[in-house]
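Thanks for sharing this one with me. Here are my notes on the pockets and the surface, point by point, for you to follow alongside the coordinates.

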Amino acid sequence: MISFTFIDFVIIAVGGYIIYASIQMKRTGDISNSALVGKGFDVKKAVDPQGYIDYIYMKAIMIGVVSILGGVLDIVNEKYLHIPYLGIVSSVIIFLVLIAYCVVASKAQKKFLSPKPREKK
């Protein structure tokens, strides 16, 4: 059986970093983190940066927690439980939550971070 323990540790670390970045963003009010904002958005030209922070904060915390729990569950299962298909099920759940988060984050970025359209004269 192939061991994915290293990947699980990377997933746990990424989840922790997302939580840390979310807390920093909420605490400072500064959206300077590329982990929470796509590359196509200039935060300096944002319409409502505080609205984005308020909207995405708990969602980012949740994706971080799900990532950490999924990674820990996979490690525990691989080392101790040995329940067939539990790793696959947890990976699918993490993947689906990640896709949902990406959709929500993309809509939030368009709504809160896109610059105001220029008015035609």
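1. The second largest pocket comes to about 280 Å³ in volume. It is lined by 17 residues, and Ile-18, Ile-63, Leu-98, Tyr-101 and Cys-102 sit closest to its centre. Please keep in mind that this is a predicted model.

2. Helices H1, H2 and H3 each give two or more residues to the lining of the second largest pocket. The top contributor is H3, with 7 residues. As for chemistry, this lining has 13 nonpolar and 4 polar residues, and no charged ones.

3. Now for the largest pocket, whose volume is about 470 Å³. Its lining counts 21 residues, with Phe-4, Asp-74, Glu-78, Gly-87 and Ile-88 nearest the centre. By class, the lining splits into 11 nonpolar, 7 polar and 3 charged residues.

4. Which helices supply at least two residues of the lining of the largest pocket? They are H1 (5-28), H2 (49-81) and H3. Here too H3 gives the most, with 6 residues.

5. Ile-88 deserves a second look. This residue belongs to helix H3, which spans residues 86-113, and is among those nearest the centre of the largest pocket. Ile-88 counts as exposed because its relative accessible area is 52%, and the cut-off for that class is over 50%.

6. Ile-88 also takes part in a nonpolar surface patch of about 900 Å². Its partners there are Tyr-85, Val-89, Val-92, Ile-93, Phe-95, Leu-96, Ile-99 and Val-103.

Methods:
Residues numbered from 1 in each chain as written. Predicted model: local features only at pLDDT ≥ 70, side-chain atom pairs only at ≥ 80, totals over all residues. Heavy atoms only, no water. Patch = residues over 30% accessible without salt bridge, like charges linked within 9 Å, V, L, I, M, F, W, Y side chains within 5 Å. Areas by Shrake-Rupley, 256 points an atom, 1.4 Å probe, with all protein chains shown as cover. Salt bridge = Lys/Arg side-chain N within 4 Å of Asp/Glu carboxyl O. Helix = DSSP H or I, 4+ residues; strand = E, 2+ residues; numbered from the N terminus. Buried < 20%, exposed > 50% of the residue type's maximum accessible area, 1.4 Å probe, protein only. 1 Å grid on protein atoms, 1.4 Å probe; cavity = no way out; pocket = protein on both sides within 12 Å on 5 of 7 lines; lining within 4 Å. Points joined across faces, edges and corners; volume = space filled by probe spheres on them. Nonpolar A, V, L, I, M, F, W, Y, C, P; charged D, E, K, R; others polar.
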